[in-house]
Amino acid sequence: DAYARIVAGFGKVDVPRWWANGFPASWASVPSWMTGYTALCPDFGNDVAGVLAGTYDAAWRNLCETATVPVMASFCHEPGNKGCTVADWQAAQVRLAAIKADVGNPLVTFGPVLMGGDFHADRYQNADGQPADVWLDFDLTNIDWIGADCYQWPGDTAASNIGPVIAAAQSRGKRVLIAETGALPLSKATDQARADWYTGIGELIAANPGLFAAVLTFESDRGPENPPCCLLPTVDGTGNLSPLA
């Protein structure tokens, strides 16, 4: 129901984020209501030990072989709050990226997705205590893009928030995937500031042709109690959830 409301409110969703929470046996596991997309951005859960043990090698290989639309896949996104060590998370990224590269399906890309705060020296300690340069200190040969979940903080512009992600990716010769983004809730920012956030993201895309693999906005359907980034009206029409943004 939430997805249907998002489509009704904004139009076709070109690249939905699919929380697969594991490695399914086939693409038939994509929810039936998530149809008509141009590309797919799945995250395959957080079982780092299972990946390192080879538990999902066959399933992941099959998914790479059988993809028929562009797929931008990640595993164990925002690793700082997943209870794994940096070394184990890095090894899991390398293993999955190597399988992707071995299959060689040009439709399938793979990369790490960090917290947006990991790219800011004054922010990473608020969440997982590790800067992006630590997480990304591994063999990136088979990595296609650097991903981040970038949410507006007080005083942020899109350029000040996402700029360090762009710099980190470009310095490594990679593209950028913004796997989640959203503006502050209306209680913390003006409607104009929230609108400026999304306008600014569009300006970054326009200023960097070909750099962004995709940008996915996180749209909450649960109202202002689940901030940030609820842009649709509530189900019963009450409350101002920043429709102007």
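How many of the 245 residues of the protein chain count as buried? I looked this up before anything else, and the share is 48%. I note here that the model is predicted.

**Entry: overall content**

I counted elements next and got 7 helices and 8 strands for the protein chain. I then took the contacts between residues at least 6 apart in sequence and asked what share joins residues at least 24 apart. That share is 73%.

**Entry: Asp-156**

I went to Asp-156, which sits in the loop that runs between β6 (145-151) and α6 (158-171). Is Asp-156 buried or exposed? Its relative accessible area is 11%, and the cut-off for buried is under 20%, so I entered Asp-156 as buried.

I looked for polar partners of the Asp-156 side chain. One is the side chain of Arg-123, with a polar contact of 2.7 Å. Another is the side chain of Asn-161, with a polar contact of 2.8 Å. With residues up to four places away in sequence left out, I listed what Asp-156 touches: Arg-123, Tyr-151, Asn-161 and Trp-197.

**Entry: α6 against α7**

Asn-161 of that list turned up again when I checked which residues of α6 meet helix α7. On the α6 side I have Ala-158, Ala-159, Asn-161, Ile-162 and Ile-166. On the α7 side I have Trp-197, Gly-200, Ile-201 and Leu-204. Trp-197 is thus touched by Asp-156 and also belongs to the α7 face that meets α6.

For the geometry, I found that the axes of α6 and α7 (residues 191-207) come within 9 Å and cross at roughly 40 degrees. That angle makes α6 oblique to α7. I recorded the crossing of α6 past α7 as right-handed.

**Entry: Pro-164**

I stayed in α6 for Pro-164, which is found in that helix. Its relative accessible area is 27%, and I wrote it down as partly exposed. Which residues is Pro-164 in contact with, leaving aside its neighbours within four places in sequence? They are Phe-119, His-120 and Ala-159. I also checked Pro-164 against Asp-118: the two are 46 residues apart in sequence, and their C-alpha atoms are 9.5 Å apart in space.

**Entry: Thr-181**

I moved to strand β7 (residues 175-182), where Thr-181 lies. Thr-181 has 1% relative accessibility and counts as buried. With residues up to four places away set aside, I found that Thr-181 touches Cys-150, Tyr-151, Trp-197, Tyr-198, Ile-201, Val-215, Leu-216, Thr-217 and Phe-218. Tyr-151 and Trp-197 from this list are also touched by Asp-156. Trp-197 and Ile-201 are among the α7 residues that meet α6.

**Entry: α3 against α4**

I checked a second helix pair. Helix α3 (residues 57-66) and α4 pack with axes 9 Å apart, at an angle of about 40 degrees. The two helices are therefore oblique to each other, and I have their crossing down as right-handed. From α3, the contact uses Asp-57, Trp-60, Arg-61, Cys-64 and Glu-65. From α4, it uses Arg-95, Leu-96, Ile-99, Lys-100, Asp-102 and Val-103.

**Entry: aromatic pairs**

How many aromatic pairs does a search of the whole structure find? I got 12. One of them is Trp-27 with Phe-44, which I logged as tilted, with 6.5 Å from centre to centre and 55 degrees between the planes. This pair links distant parts of the chain, 17 residues apart: Trp-27 is in the loop between β1 (17-19) and β2 (41-43), and Phe-44 is in the loop between β2 and α2 (48-52). Trp-27 is buried at a relative accessible area of 19%, and Phe-44 is buried at 2%.

I then looked at Trp-89 and Phe-138. Their ring centres are 6.0 Å apart and their planes stand at 90 degrees, so I entered the pair as edge-to-face. Trp-89 lies in helix α4 (residues 86-103) and Phe-138 in the loop between α5 (132-135) and β6, so the pair ties together parts that are 49 residues apart in sequence. Trp-89 counts as buried at 0% relative accessibility, and Phe-138 counts as buried at 14%.

My last note is on an aromatic cluster. Trp-18, Phe-23, Trp-27, Phe-44, Tyr-56, Trp-60, Phe-75 and Phe-110 form one such cluster. Trp-60 of this cluster is also one of the α3 residues in the contact with α4.

Conventions: Residues numbered from 1 in each chain as written. Predicted model: local features only at pLDDT ≥ 70, side-chain atom pairs only at ≥ 80, totals over all residues. Heavy atoms only, no water. Helix = DSSP H or I, 4+ residues; strand = E, 2+ residues; numbered from the N terminus. Buried < 20%, exposed > 50% of the residue type's maximum accessible area, 1.4 Å probe, protein only. Polar contact = N/O pair within 3.5 Å; in protein donor to acceptor, adjacent residues only side chain to side chain. Contact = heavy atoms within 4.5 Å. Phe/Tyr/Trp six-rings, centres within 6.5 Å; stacked < 30°, edge-to-face > 60°. Axes fitted to C-alpha atoms, helices over the stretch in contact; angles between N-to-C directions. Parallel < 35°, antiparallel > 145°, perpendicular 65-115°, else oblique. Left-handed = near helix turned anticlockwise from the far one by under 90°.
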